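Trainee: Could we go through the empty spaces and the cysteines of this model, with the reasoning behind each label set out as we go?

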Amino acid sequence: MQPIDVTSQVWERLLAVRQGTSCTCCGGWTPGEDAALALYGPLARRDLGPVTVAQIGQSLDGRIATVTGDARDVSGPDGLAHLHRMRALVDGVAIGVRTALHDTPRLTVRLCQGRNPARIVIDPRGRLPDDAPVLRADGARRIVVQATDRPRPEGVEVIRLPVRGDLLDPQEILAALREAGLSSVMIEGGGITISRFLEAGLLTRLQVAVAPLLIGAGQQSLTMPSPTESLSDALRPETRVYSLGSDVVFDCALSPTAQAASRPLHDAPQSVSGS
Ligand SMILES: NC(=O)c1ccc[n+]([C@@H]2O[C@H](COP(=O)([O-])OP(=O)(O)OC[C@H]3O[C@@H](n4cnc5c(N)ncnc54)[C@H](OP(=O)(O)O)[C@@H]3O)[C@@H](O)[C@H]2O)c1
């Protein structure tokens with residue numbers, strides 16, 4: 001397990017990589033800074049093509065919320081800072097409507113320097129109220145993916161998709177988001193939404209951040225709609241493990257591109273050079 005050290009120089013470099021004005025390979029870095037660049041570099045880089053990353057923060061016993069749905073402090077302070085860094089590096093952050101209703105998140109970047117991503121809520125039946133914090137006008141794009149005709153507040157973009165069976169097709173959701181100009185998207189929860197993208201084979205990376213607490217019962221983390229019956233069929237992604245400080249993150253590369261991007265930085269191909 002590698003401890004990460006996100007110094008201000010590392011973070012400035014990652015923001016420059018996101019803008020396409022720098023690379024992740026040059027420079028003299030400490031081992032902790034190198035580890036931070038290895039963790040965040042594949043999300044900051046735009047030369048690797050579209051990225052769909054999911055990140056979930058869970059307890060040691062695999063819960064993402066208590067029995068009453070309290071999820072605010074599952075992640076420790078460094079897990080939260082990590083989440084805000086991830087938000088700052090992607091074009092858009094998507095959540096399921098149950099998370100939007102339970103947690104009333106803002107999905108903004110507050111714990112590090114960086115731009116607010118577009119905010120996306122998957123709300124097939126139109127349950128999200130117009131005054132939800134996630135829809136507040138603050139300059140960031142706000143997008144609702146829905147199957148109904150429900151009108152939304154001014155400035156909120158609506159992606160209307162058909163229901164297939166009982167669901168919106170995750171592939172159609174992703175294609176519509178790409179069409180809307182969002183190349184890198186983070187699925188931030190909850191477990192239901194992430195599991196559907198995972199099972200559809202649409203995730204480039206999956207990050208599971210584990211915090212050292214035991215909740216005992218409550219909302220499960222990832223639960224696949226069609227679970228494997230035999231361990232020999234279980235997904236065993238190429239995984240790197242990082243200490244964030246208060247929490248530990250398992251960074252799983254689910255696609256060949258993600259696996260290539262996880263190679264040591266100096267070995268990875270870069271289309272942009274210089275610093
Ligand atoms: N610890 C963490 O990292 C974390 C992160 C996020 C959330 N949470 C917690 O997790 C809980 C909520 O998560 P959850 O797993 O229950 O729900 P969720 O994933 O937030 O939302 C699921 C709902 O979103 C809609 N949806 C998502 N994908 C869809 C698709 N492909 N097709 C159709 N509808 C789709 C459906 O809405 P309808 O129900 O309207 O059909 C579905 O029931 C809360 O307690 C929250 O606090 C924890």
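Mentor: In this predicted model, the largest pocket is lined by 49 residues, and those nearest its centre are Gly96, Arg98, Thr99, Gly189 and Gly190. Its volume comes to about 1300 Å³.

Trainee: Which elements give two or more residues to the lining of the largest pocket?

Mentor: They are the strands S2 (51-59), S3 (92-96), S8 (167-168) and S9 (184-189), together with the helices H3 (77-89), H4 (97-103), H5 (170-179) and H6 (191-199). Sorted by class, the lining of this pocket holds 22 nonpolar, 16 polar and eleven charged residues.

Trainee: What makes a residue such as Gly96, which lies near the centre of the largest pocket, count as polar?

Mentor: The rule names ten residue types as nonpolar and four as charged, and puts the others, Gly among them, under polar; Gly96 is a glycine of that lining, and therefore Gly96 counts as polar.

Trainee: How is the lining of the second largest pocket divided by class?

Mentor: That lining has ten nonpolar, five polar and no charged residues. The second largest pocket encloses about 350 Å³ and is lined by 15 residues, with Leu198, Leu206, Val208, Leu222 and Cys252 nearest its centre. Strands S10 (205-211) and S12 (248-253) each give at least two residues to this lining.

Trainee: Why is the space lined by Pro42, Leu43 and other residues called a cavity?

Mentor: The term is used because a 1.4 Å probe fits there but cannot get out, whereas a pocket is an open set of points. The search of the whole structure finds one cavity of 30 Å³ or more, and the largest cavity, at about 60 Å³, is lined by Pro42, Leu43, Leu48, Pro50, Val51, Thr204, Arg205, Thr257, Ala258 and Ala261. Helix H2 (31-44) and helix H7 (256-261) are the elements that give two or more residues to this lining, and H7 gives the most, with three. By class, the lining has seven nonpolar, two polar and one charged residues.

Trainee: How do you know that Cys26 is in no disulfide?

Mentor: The nearest cysteine sulfur, that of Cys23, is 3.4 Å away from the one in Cys26, and a disulfide needs a pair of sulfur atoms within 2.5 Å, so this pair does not qualify. By this rule, the count of disulfides is zero.

Trainee: Why is Cys26 called partly exposed?

Mentor: Its relative accessibility is 34%, and because buried means under 20% and exposed over 50%, Cys26 falls in between and counts as partly exposed.

Definitions and conventions
Residues are numbered from 1 along each chain as its sequence is written. This is a predicted model: local features need pLDDT of at least 70, side-chain atom pairs count only at pLDDT 80 or more; totals for chains, interfaces and linings use all residues. Side-chain values use heavy atoms; hydrogens and water are left out. On a 1 Å grid over the protein atoms alone, a cavity is a set of points where a 1.4 Å probe fits but cannot get out, and a pocket is an open set with protein on both sides within 12 Å along at least five of seven lines; lining residues have an atom within 4 Å of a point. Grid points are joined across faces, edges and corners, and a volume is the space filled by probe spheres set on the points. Helices (H or I, at least four residues) and strands (E, at least two) are DSSP runs, numbered from the N terminus. Buried means under 20% relative accessible area, exposed over 50%, partly exposed in between (1.4 Å probe, protein chains only).
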